[in-house]
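Me: Hi! I'd like to talk through a structure with you before I set anything up. Can I just throw questions at you as they come?

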Amino acid sequence: MRIDVVSLFPDFVRQCAAVGVVGRAQQRELLQVEAWNPRDYAIDRHRSVDSSSYGGGPGMVMMIEPLRTTLAAMRAAAPEAVHLIYLSPQGTRLTQGRVEALAKLPRIGLLCGRYEGVDERLLAHEVDEELSIGDYVLSGGELAAAVIIDAVGRLQDGALNDAQSAEQDSFSDGLLDCPHYGKPVHHALGDVPEVLLSGDHAAIARWRLKQSLGRTWLRRPDLLSQCWLDAESRALLEE
Ligand code: SAM
């Protein structure tokens, strides 16, 4: 998969994509992240990318032309069509389901706004989708782009050392994940639940499912209304 990011801070984006699971996915050539700086496509000697906003008021707007030229260069850099996403607090809220769908695309583009945002005319003509990472306002789209790169990158086949770990994560089956315990078994802060030491795989699976259900009920009851347990899980609970 290829992800192209348009940002005034390309080095930040590159650094985010160079570490951890996503960095490893790039090394394994499962993912390619490229960053494009609109300032490189500005036409005046000040390399301007923003202008004041018509109608008055504070704040600048990212101008059409530098972005349009950047996007054209970005689109031409590889043969695959780009699904272009504008990161915006006004966009549809990002979910794990949307992340899973994006992870299956061959190529996405992420347009990061700054200032008051991007000229509306460019958004109307170039952007396929607007996504928000939550109901709060960031000063730029780069952190939101990093969130998408990470969430999508870790789902590329072979990115995680154990593919099962993504399947067990929160939201993948509609529930929150169960609690996890590592060494040591006994500690002043508490002991590892006995069932996890029993070696009884069915009992462990049942315990984990009950923990997931309980946590979801307590912390995110809204998720339960959209969640259907598969036959295997229902059978496990009936045992
Ligand atoms: N004037 C805009 C508004 O109120 O909708 C906010 C602009 S914000 C200061 C600058 C940029 O940060 C936006 O263009 C967008 O790219 C990014 N941004 C801010 N909050 C975001 C969020 N919750 N999700 C995704 N991107 C966000």
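Me: Let's start with β1 and β2: do they pair in the parallel or antiparallel sense, and over how many bridges?
Reply: This is a predicted model, and in it β1 and β2 pair in the parallel sense, with 5 bridges between them. For one bridge to look at, take D4, whose partner in β2 is E34.

Me: Cool. Which other strand is joined to β1 by 5 bridges?
Reply: That would be β6, residues 107–112, which runs parallel to β1. Two pairs are handy for finding the register: I3 has I108 as its bridge partner in β6, and V6 stands opposite L111.

Me: Is β1 mostly covered or mostly open, then?
Reply: Mostly covered. The strand spans residues 2–6, and 4 of its 5 residues are buried.

Me: Zooming out, in what order do the strands of the sheet come?
Reply: The order is β2-β1-β6-β5-β7. Those 5 strands make an open sheet with parallel pairing.

Me: And which strands stand at the edges?
Reply: β2 and β7 (129–132) do. Each has a single partner strand, so one side of each is left without a neighbour in the sheet. If you want a number for the twist, it averages 30° from one strand to the next.

Me: New topic: the ligand. Which residues come nearest to it?
Reply: There are 19 residues around the ligand, and L87, G113, G117, G141 and A144 come nearest.

Me: Which strand gives the largest share of that shell?
Reply: Strand β5, residues 83–93, with 4 residues.

Me: How does the shell split by class, in case I look at the chemistry there?
Reply: You get 8 nonpolar, 9 polar and 2 charged residues. Glycine is counted as polar in that split.

Me: Any backbone oddities I should look at? Where is there a cis peptide bond?
Reply: Between K183 and P184, where omega is about 0°. P184 sits in the loop that runs between α7 (163–168) and β8 (186–187). As background, most peptide bonds are trans, and most residues other than glycine have a negative phi.

Me: Speaking of phi, what is odd about F171?
Reply: F171 is not a glycine, yet its phi is positive, at about 80°. The residue lies in the loop between α7 and β8.

Me: Why does F171 count as partly exposed?
Reply: Because it has 17 other C-beta atoms within 10 Å, and a residue needs 20 or more to be buried, or 12 or fewer to be exposed.

Me: Which residue has a positive phi of about 55°?
Reply: R47, which is not a glycine either. You'll find R47 in the loop between β2 (32–36) and β3 (50–52). R47 is partly exposed too, with 13 other C-beta atoms within 10 Å.

Me: Last topic, the overall layout. How is the protein divided into domains?
Reply: Into domain 1, covering 2–153, and domain 2, covering 170–238. Their C-alpha centres lie 37 Å apart.

Me: What does UniProt list for residues 1–225?
Reply: An unreviewed UniProt entry gives that span as "domain: tRNA methyltransferase TRMD/TRM10-type". In the model, residues 1–225 are 37% helix and 18% strand, and the C-alpha atoms at the two ends of the span lie 33 Å apart.

Me: Great, thanks, that covers my list!

Technical notes:
Residues are numbered from 1 along each chain as its sequence is written. This is a predicted model: local features need pLDDT of at least 70, side-chain atom pairs count only at pLDDT 80 or more; totals for chains, interfaces and linings use all residues. UniProt positions are given in the numbering used here, feature names are shortened, and annotations may be inferred rather than shown by experiment. Two strands pair if DSSP finds at least two bridges between them. A residue is near a molecule or strand if its C-beta atom, placed from the backbone, lies within 6 Å of it. Domain bounds come from an automatic or database domain assignment. Axes are lines fitted to C-alpha atoms, for helices over the stretch in contact, and angles run from 0 to 180 degrees between N-to-C directions.
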